[in-house]
Amino acid sequence: GKYRVVSTKPMPGTRWINLLIEQDCRVEICTRKKTILSVEDIIALIGDKCDGWLSCVYVSVFQLTEDWGETLFSALSRAGGKAFSNMAVGYNNVDVNAANKYGVAVGNTPGVLTETTAELAASLSLSAARRIVEADEFMRAGLYDGWLPNLFVGNLLKGQTVGVIGAGRIGSAYARMMVEGFKMNLIYYDLYQATRLEKFVTGMSVTYAEFLKANGEQPVTWKRAASMDEVLREADVISLHPILDKTTYHLVNKERLAIMKKEAILVNCSRGPVIDEVALVEHLKQNPMFRVGLDVFEDEPYMKPGLADLKNAVVVPHIASASKWTREGMATLAALNVLGKIKGYPVWSDPNRIEPFLNENVPPPA
Ligand code: GLV
Ligand code: GLV
């Protein structure tokens, strides 16, 4: 191969690697089981010649090692590297300004994971609402000895309000599922107006109005909140979909937990540090009717002390994008990001893809 491309991890499927090989790339895959690569490890892997880099997302202080900043982008640039892609939609491990400075294009993999991630947020919402995990444990423990009117009574979603914080691609897809699927009212908070989501919900409330009226029910309502606190105060189920940066670190803290309804459900499929997890554990202890569904953790892969013992928490190991179609799609997109840049033409074909590169329009250094 004329070009050398390094991948931090073996990625799913074969399409991504075949694409690279067919286009004159030699692909080297880091097969180390342990997920952590140090800066020195990466510099050694970059070597004298490296045209592109495929990275997996690293999410917490315990996995900060593949943290792409000045040092790594300058090393990649010195080795002739033009392209970098996360196999992730999140890019909190990448200093995009540093990449710009060294003329390295940075790609991520949005689009293919939108529905998959939203479906997990919906699953966690339902699991928390209907206490699925607790009930499953009860069943397996042989504790079920007859139907009882008050056994695992949970929350009915229909007619309640779903709150979405961060109404981008994933947050909007989740909102649509919850509104359409469960006839929930919507309140969302985002710095930007979610025009398409608003149109969808407006259209839906019109479509369903007749049907609902016939049953003596109200059509769904929606509003864009003026503040995040308004969502926290009013919603019954709240799902967090912001990016992680300085402005969203500990977005949900002790004070904000305190303004939420006592029986609210909180779901997080974004990044762990968006919630102050110590405060959350305390809040869950104090409020047994408050429930959470978590896919991500502040100290991922670890949980804060006490969380694992709480019945009112459903916890899963960062699997929101884990469907075969999506993971293979992410690998393919990541490969196409790198390939497109190396070969100098866009080869991606996903119509959902809005921005091929996060820093596409940045000119290379003189
Ligand atoms: C996974 O967390 C991603 O950002 O895609
Ligand atoms: C419960 O099983 C019912 O029939 O209501």
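Q: What makes up the secondary structure of the protein chain in this predicted model?
A: Happy to start there: the chain of this predicted model has twelve helices and twelve strands.

Q: Why is the protein chain called as compact as a globular protein of its length?
A: The radius of gyration is 22 Å, and the globule rule gives 21 Å for 366 residues. The two values are close, so the chain counts as being as compact as a globular protein of that length. Along the principal axes, the C-alpha atoms fill a box of roughly 70 × 45 × 35 Å.

Q: How many of the 366 residues count as buried, as a percentage?
A: Buried residues make up 44% of the chain. To be counted, a residue needs 20 or more other C-beta atoms within 10 Å of its own.

Q: What share of the contacts with a separation of 6 or more joins residues 24 or more positions apart?
A: That share is 72%.

Q: Which domains does the domain assignment give, and where do their residues fall?
A: Domain 1 takes in 3-112 + 322-343, while domain 2 spans 114-315. Their C-alpha centres lie 32 Å apart.

Q: What makes H7 roughly parallel to H8?
A: Helix H7 (residues 169-182) packs with helix H8 (residues 195-214) at an angle of about 10°, the axes being 10 Å apart. Angles under 35 degrees count as roughly parallel, so H7 and H8 earn that description. On the H7 side, Ser 172, Ala 175, Arg 176, Val 179 and Glu 180 meet Arg 196, Leu 197, Phe 200, Val 201 and Met 204 of H8. These contact residues divide into six nonpolar, one polar and three charged.

Q: Why are H2 and H3 called roughly parallel to each other?
A: The axes of helix H2 (residues 39-46) and helix H3 (residues 70-78) cross at roughly 10° and come within 9 Å. With the cut-off for roughly parallel at under 35 degrees, the H2 and H3 pair therefore qualifies. Val 39, Ile 42, Ile 43 and Ile 46 of H2 make the contact with Thr 71, Leu 72, Ala 75 and Leu 76 of H3. Seven of the residues in this contact are nonpolar, one is polar and none is charged.

Q: Is Lys 324 buried or exposed, and why?
A: Lys 324 has 10 other C-beta atoms within 10 Å. A residue with 12 or fewer is exposed, so Lys 324 is exposed. Lys 324 lies in helix H12 (residues 324-343). The C-alpha atoms of Lys 324 and Thr 116 are separated by 9.9 Å, although these residues are 208 residues apart along the chain.

How values were computed
Residues are numbered from 1 along each chain as its sequence is written. Chains are lettered from A and ligands numbered from 1 in the order in which they are written. This is a predicted model: local features need pLDDT of at least 70, side-chain atom pairs count only at pLDDT 80 or more; totals for chains, interfaces and linings use all residues. Axes are lines fitted to C-alpha atoms, for helices over the stretch in contact, and angles run from 0 to 180 degrees between N-to-C directions. Helices (H or I, at least four residues) and strands (E, at least two) are DSSP runs, numbered from the N terminus. Angles under 35 degrees count as roughly parallel, over 145 as roughly antiparallel, 65 to 115 as roughly perpendicular and the rest as oblique. Two residues are in contact if their C-beta atoms, placed from the backbone, lie within 7 Å. Ala, Val, Leu, Ile, Met, Phe, Trp, Tyr, Cys and Pro count as nonpolar, Asp, Glu, Lys and Arg as charged, and the others, Gly among them, as polar. The radius of gyration is taken over C-alpha atoms; the globule rule is 2.2 Å times the number of residues to the power 0.38. Domain bounds come from an automatic or database domain assignment.
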